[in-house]
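Here are my notes on this one, in the order I would go through it on screen. Pull up the model and follow along.

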Amino acid sequence: MTNNANGVTMTTDPWREDQPVCRVYSHSPRFRQQLAEYVGQEVRFTAAREKEPREALIVDCTSSTDVVRTARSHFPTHPIVAVIPEGDPARVIELLSCGVEGVIALNDPPSSWREGLNVVLGGGRWGGGPGLDVSLEHKYASYGIATHDRHSGDVTMRTQLFVRNRLADDTGD
């Protein structure tokens, strides 16, 4: 633990340097190649037959969000991160309402990919930043640690540490 300039106690994130493991769901070989070239230093891609213990599914939503349902049926236990061409709040909300755990834009920096995927693998949600909580039924959006219904219980320590170390917010522990 260390103190920052504001006197906030910061806990060292033991997973900060971990490469998240991801499987790609896309019908486009070009999309897979584009991802490998752009974020291959930050993310480890797998095509192994067996699922790794902490593995996310990156879904190509650059053309349509309809593919999320198909991806979920083929990979029901994977947390899904949708990839969109560029940040678009309406599209992010649409995808979150489809049940994805995260949304990343193709033009987000590679370091954001790593952080976003680590938050999702830690049980949180990512929509351009950690902890986006949107309720379409109640018409509200809040900023804090948010979990998807598929993740029961508390958000994992990894996500809490991410938020604490990056934002220096009190996460309500």
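1. Leaving aside its neighbours within four places in sequence, which residues is Thr-62 in contact with? Keep in mind that this is a predicted model. The list runs Phe-31, Val-83, Ile-84, Pro-85, Arg-91 and Leu-106. Thr-62 itself sits in the loop between strand 5 and helix 2. With a relative accessible area of 23%, Thr-62 is partly exposed. If you want a backbone distance to check, the C-alpha atoms of Thr-62 and Ala-82 are 8.6 Å apart, with their positions 20 residues apart along the chain.

2. Now the overall picture. The protein has 173 residues, and buried ones make up 43% of them. There are five helices and 10 strands. Take the contacts between residues at least 6 apart in sequence: 54% of them join residues at least 24 apart. The exposed area comes to about 9,400 Å², of which carbon and sulfur atoms supply 49%.

3. Helix 1 is a good place to zoom in. Within residues 29-39, Phe-31, Leu-35 and Val-39 are buried. They share a side of helix 1, because the arc they cover around the axis is only 35°. The general rule behind this is that an α-helix has 3.6 residues a turn, so residues three or four places apart point the same way. On the face turned away from the buried side you get the exposed residues Pro-29, Arg-30 and Glu-37. As for what covers the buried residues of helix 1, the cover includes strand 3 (21-25), strand 4 (44-45), strand 5 (55-60), strand 6 (80-84) and helix 4 (110-121).

4. Next, the nonpolar cores. The largest has 18 residues, and Leu-35, Ile-58, Trp-113 and Leu-117 have the most contacts inside it. At least two residues each come from strand 3, helix 1, strand 5, strand 6 and helix 4. Helix 4 gives the largest share of this core, with five residues. Apart from that core lies another one, of 16 residues, among them Cys-61, Ile-84, Val-92 and Val-100. As background, nonpolar side chains tend to be buried together in soluble globular proteins.

5. Trp-113 deserves its own look. What does it touch, not counting residues up to four places away in sequence? The contacts are Leu-35, Tyr-38, Val-39, Val-43, Ile-58, Val-83, Ile-104, Ala-105, Leu-106 and Asp-108. Leu-35 and Val-39 will be familiar as buried residues of helix 1. Leu-35 and Ile-58 also belong, with Trp-113, to the residues with the most contacts inside the largest core.

6. On aromatics, the structure holds one pair. The ring centres of Tyr-25 and Phe-75 are 6.1 Å apart and the planes stand at 80°, so this is an edge-to-face pair. Tyr-25 is in strand 3, while Phe-75 is in the loop between helix 2 (67-74) and strand 6, so the pair links distant parts of the chain, 50 residues apart. How do the two partners fare for accessibility? Tyr-25 counts as buried at 11% relative accessibility, whereas Phe-75 is partly exposed at 22%.

7. Finally, the charges. How many salt bridges does a search of the whole structure find? The search gives four. In one of them, the side chains of Glu-55 and Arg-23 meet at 2.6 Å, N to O. Glu-55 is in strand 5 and Arg-23 in strand 3, so this pair ties together parts 32 residues apart in sequence. Both Glu-55 and Arg-23 are buried.

8. Another salt bridge joins Arg-114 and Glu-42, with the closest N and O atoms 2.9 Å apart. Arg-114 belongs to helix 4 and Glu-42 to the loop between helix 1 and strand 4, so parts 72 residues apart in sequence are tied together. Arg-114 counts as buried at 12% relative accessibility, and Glu-42 as partly exposed at 22%. Glu-52 and Arg-44 also meet through their side chains in a salt bridge, at 2.9 Å, N to O. Here Glu-52 is partly exposed at 22%, and Arg-44 is partly exposed at 35%.

Definitions and conventions. Residues numbered from 1 in each chain as written. Predicted model: local features only at pLDDT ≥ 70, side-chain atom pairs only at ≥ 80, totals over all residues. Heavy atoms only, no water. Buried < 20%, exposed > 50% of the residue type's maximum accessible area, 1.4 Å probe, protein only. Helix = DSSP H or I, 4+ residues; strand = E, 2+ residues; numbered from the N terminus. Arc of directions from axis to C-beta. Contact = heavy atoms within 4.5 Å. Areas by Shrake-Rupley, 256 points an atom, 1.4 Å probe, with all protein chains shown as cover. Phe/Tyr/Trp six-rings, centres within 6.5 Å; stacked < 30°, edge-to-face > 60°. Core = buried A, V, L, I, M, F, W, Y, C linked by side-chain atoms within 4.5 Å.
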